[in-house]
Amino acid sequence: MYELHPYFTNDGSVGLFSPEADDIYHSTYGALAEAYEKFVLPAELEKFFENHSEIKVLDICYGIGYNTKSFLNFLIDKKIINLKKNCSKKLLCKKTNNEAIHTDNFLSLNNNETLHGDNIINIGEVHSDNINQQKNNEKENSCPDNNAAIHSNNISCKNSACEHQNKKIFIKAIDTDEKLFYLSPFFRQGNKKDKRYNKPDFNYEKISKLLTNNFSEKYKLNPEVNLIILKNILEKRPEIFKDPAFLNILKSRKYSPFFDKRIKGLFWALKYEKDIYTPFGQTIAFLHNIYYKYISIRYKKALNSLILDDFIFEPSIEDARISLKHDQYLYNFIFLDAFTPAKCPALWSLEFFKLLFEHLDSDGMILTYSNSAAVRNAMLNAGFFVGKIYNPEIDKFTGTIAVKNKSLLKYELSEYDLGLINSRAGIFYRDENLNLSNEAIIEAHKKEVSESSKISSSAFIKNYKKANSSLK
Ligand SMILES: C[S@@+](CC[C@H](N)C(=O)[O-])C[C@H]1O[C@@H](n2cnc3c(N)ncnc32)[C@H](O)[C@@H]1O
C-alpha cells in the first residue's frame, strides 16, 4: 500500500519523510522556504528576464513540487508572468465531449476563505434539495457556447493583467514517484493549530527536535499556483482520475489535514465530469451534488477562470537518467533536489553531471542544496565552474551552483572547499553507463574511498585549522 509520512515544517508547509531512503524530502526549516532560498532566489530571475523573454527550467526530483511552485509563485508575485482572469462568471462548464478535459476554465479560489471540502465525503450532511440545487447550479454554470468556453485563451479580457505580454515558460519536472507527482497540487500550508498533526508514524525524534512551536510563514503560495499545476497534470496525465492508490490517499482521513480541501473538492467535481457515464456515476454524482451545495454556491462570485498563456509544464515520471538521455532541450536553470548523495548517488555521479552539462545552456545554472565535496568535485570534473549559494539573511553558504560561464558565479569555492575536494571526501560517485542501482554505486564508492591514498577529510580539516590558527 502506498503511504505518505507527512508533517508540517517550521514555515507551515508540508514536509515528507521517506522510510525507503531513510531521509527527509524537505528541510524542517521549511519546505517552501528552502525551495525559495536555495533554488529560486539565487537564480536571480528578475535579472534573467531583463534580457530574456523565455525560460526553460528543469526540476529534477520534483517530489511534491516546491521548487516548481516557488518558481511560478515568484514569477506571479513579481508580475513577470500575469494570470489572466477570465471575465466570464463560468464555473465548471458541462462538456459535451466526455473524453477531453479542457480545464482552461478553471476556478480561482479566494485565498481568505475556508472551504469545508471534507463535507464532500460527509454523507450525514446531505440534504434532500441537492438534486434541485445541482440543477440550478448547472444552469448558472453551464457555458452558453461550449466552444467559446473551451477555447478560453481566445476570450478577450478587460482585466489589465491581460494587456501584458507574458514571458514564455517551460518547466520539465522529473520524478520517479508518480503518486507524489499527482498529489503535489493538493498540499496546503498549515496554520498554528495544525501542529497537533505533527505526530507521524516514523522514527521522528531527530526531526521533532528541530521543529519549533510556531510556524514562521516566510513565503506564501498564491492559490493559483496549485491550480495551475493541477490543471497541467490533469491535461498531461489524465490517468490520474483512475489511479486507485492515488484516489485512496486523497480520500483518506489520515492525510486530510495536509491537503487543501478546496483543491480536493475541485478534483472530485472534475472527476464527476469525467465519470458521469460510468457505473460509478451515481456515487460520484452524489458527491458532485454535495460539492455544489457546500463549495460552489458559497464561492461562485469569486470563481474566475485562470489562463496562463505561454506556459508549458511537462511532467516526466521516470528515472532522471533515462528522462534526460531522451531529452533534447537546453535549460536555463536546473534545480537538482535529490536525496543526499549518500542515499541517492545515481543523481550525483560524475556521469550524471556530464549528462547535465549537455543539457545546460551556455549561460545556464544548476542549483542544488548540496555542499558535498564529492558533488562539487564531480561537477568540476564534468566541466563546470563551481561556486556557492550564499544566504545573506543567515550569513551562510547554503548550497552549490554549477555554470558554464564563470562570470555568473558570485561566490567561488574557497581554499578550504578546494582542500576538502582534494581529500577523500571529494571522491565522487561513478555510474559509467548511467544505469547502476544506488546500492551498487555506494558499494563501489566505499571501496574506492577505502583504497585511496588521499588525505582523509578529518586529517585535512585538522591540518587546515592548525595552519590557519598559526597564521593569526
Ligand atoms: C528530496 S526529494 C525532492 C523534494 C522535492 N523537490 C519537493 O519539492 O518536494 C527527492 C525526490 O527524488 C526522487 N527520486 C529519487 N531517485 C530518483 C531518480 N533516479 N530519478 C528521478 N527522481 C528520483 C524521489 O522520488 C523524491 O521525490
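Select V225 to begin: this residue is buried, with a relative accessible area of 0%, in what is a predicted model throughout. V225 belongs to helix α8, which runs over residues 223-236, so colouring that helix separately will make the residue easy to find again. With V225 still selected, show what surrounds it: once residues up to four places away in sequence are set aside, V225 touches K69, L72, N73 and I76. The last of these, I76, is 149 residues away along the chain, while the C-alpha atoms of V225 and I76 are separated by 8.7 Å. V225 counts as buried because its value of 0% falls under the 20% limit used for that class.

**The whole chain**

Now step back and display the entire protein chain, which has 472 residues, 56% of them counted as buried. A cartoon view will show 17 helices and twelve strands. The link between V225 and I76, 149 residues apart along the chain, can be set beside a figure for the whole chain: among contacts with a separation of 6 or more, 78% are between residues 24 or more positions apart. If you switch to a surface view, the accessible surface of the protein chain comes to about 22100 Å², and carbon and sulfur atoms account for 50% of it.

**The ligand**

Select the ligand next, and notice that the space it takes is the largest pocket. The ligand is surrounded by 20 residues, of which the closest are H26, C61, I64, D175 and D337. Which atoms of the ligand should be inspected beside H26 and D337? At H26, a polar side-chain atom lies 2.6 Å from an oxygen atom of the ligand. At D337, an N or O atom in the side chain is 2.7 Å from a nitrogen atom of the ligand. A backbone contact can be added to the view at T176, where a polar backbone atom is 3.4 Å from a nitrogen atom of the ligand. Taken alone, the ligand exposes 600 Å², and the protein buries 93% of that.

**From H26 to E34**

Keep H26 displayed and add E34, since H26 is one of the residues in contact with E34; leaving aside neighbours within four places in sequence, the others are S27, Y29, F39 and Y369. E34 lies in helix α1, residues 31-40, and counts as buried at 10% relative accessibility. To relate E34 to an earlier part of the chain, draw a distance from its C-alpha to that of D11, which gives 9.6 Å for two residues that are 23 apart in sequence.

**Two loop residues with positive phi**

Select D22, which sits in the loop between β2 (14-18) and β3 (23-24). D22 is not a glycine, yet its phi is positive, at about 45°, and the residue is partly exposed, with a relative accessible area of 49%. Then move to E44, in the loop between α1 and α2 (45-50). E44 also is not a glycine and has a positive phi, of about 50°; with a relative accessible area of 29%, E44 is partly exposed.

**Helix α13 and H359**

Go on to H359, which is found in helix α13 and counts as buried at 4% relative accessibility. Showing side chains around H359 brings up L324, D327, Q328, Y329, L330, Y331 and I334, which H359 touches when residues up to four places away in sequence are not counted.

**Helix α14 and its cover**

Finish with helix α14, residues 373-381, which is mostly covered, seven of its nine residues being buried. Which residues of α14 are buried? They are A373, A374, V375, R376, N377, A378 and M379. To see what covers them, display α13 (350-359), the helix of the previous stop, together with β10 (360-368), β11 (385-391), β12 (396-403) and α15 (415-421), which are included in that cover. At the N-terminal end of α14, select S372, which caps the helix, with a side-chain oxygen 3.1 Å from the backbone nitrogen of A374. Beyond the other end, the residue to select is G383, which follows α14 and has a positive phi, near 110°.

Key: Residues are numbered from 1 along each chain as its sequence is written. This is a predicted model: local features need pLDDT of at least 70, side-chain atom pairs count only at pLDDT 80 or more; totals for chains, interfaces and linings use all residues. Side-chain values use heavy atoms; hydrogens and water are left out. Helices (H or I, at least four residues) and strands (E, at least two) are DSSP runs, numbered from the N terminus. Buried means under 20% relative accessible area, exposed over 50%, partly exposed in between (1.4 Å probe, protein chains only). Contact means heavy atoms within 4.5 Å. A residue is near a molecule or strand if one of its heavy atoms lies within 4 Å of it. A polar contact is a pair of N or O atoms within 3.5 Å; within protein, one must be able to donate a hydrogen and the other to accept it, and residues adjacent in sequence count only if both atoms are side-chain atoms. Accessible areas come from the Shrake-Rupley method with a 1.4 Å probe; for residues, only the protein chains shown count as cover. On a 1 Å grid over the protein atoms alone, a cavity is a set of points where a 1.4 Å probe fits but cannot get out, and a pocket is an open set with protein on both sides within 12 Å along at least five of seven lines; lining residues have an atom within 4 Å of a point. A molecule sits in a cavity or pocket if more than half of its atoms lie within 2 Å of its grid points.
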